[in-house]
Amino acid sequence: MPDLEQKDHNDFLVEKIKERPVNKRKLIRRTLITAAMAVIFGLIACFTFLVLEPVISNWLYPEEEPQIIVFPEDQEEMSPEEMLSDNMQAEGGDQNSQESEAVFSEEQLRKILSEVTLEVEDYRQLYLSMSEYVGQMSEYMVTVTGVTSNIDWFNNVQESQDQSSGVIIANNGRELLVLADDTPISQAQELSMEFYNGVQAQAQVKQRDSFTNLAVLSVNLSDLPEEGREDVLKIAPLGSSNVKNLAGTPVIALGSPMGIRDSVGYGMVTVAGSQISAVDRNYKLLLTDIYGSQNAGGVLFNLQGQVIGIITGNGSDSDMENVIHAYGITELKKVIEKMSNGESLAYLGISGADVTDEAHEELGVPHGAYVKEVDMDSPAMLAGIQQGDVIVSMDNRTILNFGEYTTVLLQMEAGAEVNLKIMRQAQNEYREMNFTIILGEAE
């Protein structure tokens with residue numbers, strides 16, 4: 001009996017706990033809410049990182065602004081005769097200038113040259129020296145490759161490549177800048193550069209000029225490989241195309257003067273007085289006796305290691321199609337300077353020339369920039385500038401010739417307001433007129 005009572009007592013204390021049934025709908029809803037909150041939190045975190053990362057990086061590691069590129073003005077250069085004269089004076093001590101000048105009389109020069117005899121070995125050494133010089137100048141040159149992709153009727157991707165020759169002109173501390181012929185690569189979707197030592201890098205267009213068909217391209221210094229980087233950071237010095245007696249100067253054409261990459265041509269400048277008239281500026285055209293390709297590109301170097309011309313196909317006459325032509329570097333300097341800094345060229349829209357002394361004295365035309373033509377729908381035409389007007393002042397700066405007009409305009413920005421004073425012929429006399437014009441942007 002005691003065992004039975006004990007068993008009944010224990011049964012009274014036993015309690016069975018049933019588990020609560022799982023609410024599947026509620027569980028799924030909570031799981032979805034948790035997943036959605038995680039996704040939203042992740043999106044917010046990514047957005048915050050993308051927005052703040054550049055700010056924090058610039059704050060912790062500030063990036064230096066690129067340096068402003070400025071090409072020095074042309075310096076007065078001495079002719080070889082003047083340099084030799086100075087050397088003779090230095091060696092001769094107290095010799096007077098008349099004796100020095102007598103040394104360079106035509107008769108004596110002919111006598112000196114007649115006594116010079118060149119042997120085969122002399123010619124071999126001469127061409128060997130020229131070859132070594134070409135190797136040195138080639139370090140400034142690059143080959144630009146433009147890649148264009150198209151899809152044909154069968155959805156096949158067709159890729160084409162075109163090449164252009166360029167020359168390294170500046171380093172702004174962040175980018176290496178190259179001046180190149182834009183014609184072969186103007187439609188390219190991707191650009192790459194190959195330097196003389198085989199180093200390659202992706203390139204971008206900094207600025208283009210539609211008239212000269214030149215472009216300034218840039219390569220980020222950080223994109224250049226460590227190996228061989230220092231070898232490609234060599235800047236070609238820009239010389240002058242306004243030196244005395246430029247005709248007859250020996251030059252070397254590098255790049256693709258024969259229409260083929262890395263070709264070379266030897267010769268001399270035969271004509272240095274031609275000009276190409278462009279809108280708002282004129283360019284000097286250098287003609288050489290180098291016979292090349294109609295698709296020639298590259299640069300002209302003088303024997304002092306300076307760039308004096310950029311090869312172009314513009315301005316070639318029908319009977320001289322295969323003779324190498326080049327823009328004079330002096331007239332291009334300010335243009336490529338602005339292009340190198342990523343600045344657009346201001347546009348007024350006139351073609352002009354200098355007023356000659358004869359026109360000034362005989363016809364009474366005032367000195368200034370003579371307007372030969374006015375571009376259709378240009379800021380000049382819309383303001384009322386006419387053919388035959390003479391620009392004598394821009395923003396209170398006196399204009400005595402078309403070159404000064406170009407110089408002042410190149411210092412201005414597109415969209416700026418300019419005050420123009422012109423002289424217009426009316427009833428056999430020139431009367432002053434004033435205009436206020438908003439400059440456009442050159443294409």
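How many aromatic pairs does the count come to here? The count comes to 5 aromatic pairs. Keep in mind that you're looking at a predicted model.

Let's start with Tyr-127 and Tyr-266. Their ring centres sit 6.5 Å apart with the planes at 50 degrees, so this pair is tilted. That label follows because planes under 30 degrees apart would count as stacked and those over 60 as edge-to-face. Tyr-127 belongs to helix 6 and Tyr-266 to strand 8, so the contact ties together parts that are 139 residues apart in sequence. Tyr-127 is exposed, at 52% relative accessible area, while Tyr-266 comes in at 35% and counts as partly exposed.

Now compare that with Phe-402 and Tyr-405. Here the ring centres are 5.2 Å apart and the planes make an angle of 35 degrees, so this pair is tilted too. Both residues lie in helix 10, which covers residues 402–410, and being 3 residues apart puts about one helical turn between them. As for cover, Phe-402 is buried, with a relative accessible area of 2%, and Tyr-405 is buried as well, at 0%. Elsewhere, Phe-211, Tyr-283 and Tyr-327 come together as one aromatic cluster.

Back to the two tyrosines we began with, since both turn up again on the surface. Tyr-127 and Tyr-266 are among the residues of a nonpolar surface patch of about 840 Å². The other members are Leu-109, Ile-112, Val-116, Leu-118, Tyr-123, Leu-126 and Val-264. Which elements each supply at least two residues of this patch? They are helix 5 (106–114), helix 6 (120–137) and strand 8 (263–278). Helix 6 gives the most, with 3 residues. Val-116, for its part, lies in the loop between helix 5 and helix 6.

Further along the chain, have a look at some strand pairing. Strand 14 (residues 350–354) and strand 15 (residues 369–374) run antiparallel and pair over 5 bridges. If you want a spot to zoom in on, try Ala-353, whose bridge partner in strand 15 is Tyr-370. Strand 15 is also joined to strand 16 (residues 390–394), again in the antiparallel sense, by 2 bridges. There, Ala-369 stands opposite Ile-391 of strand 16. Strand 15 thus has pairing with strand 14 and with strand 16.

Terms used
Residues numbered from 1 in each chain as written. Predicted model: local features only at pLDDT ≥ 70, side-chain atom pairs only at ≥ 80, totals over all residues. Heavy atoms only, no water. Patch = residues over 30% accessible without salt bridge, like charges linked within 9 Å, V, L, I, M, F, W, Y side chains within 5 Å. Areas by Shrake-Rupley, 256 points an atom, 1.4 Å probe, with all protein chains shown as cover. Salt bridge = Lys/Arg side-chain N within 4 Å of Asp/Glu carboxyl O. Helix = DSSP H or I, 4+ residues; strand = E, 2+ residues; numbered from the N terminus. Pairing = 2+ DSSP bridges. Phe/Tyr/Trp six-rings, centres within 6.5 Å; stacked < 30°, edge-to-face > 60°. Buried < 20%, exposed > 50% of the residue type's maximum accessible area, 1.4 Å probe, protein only.
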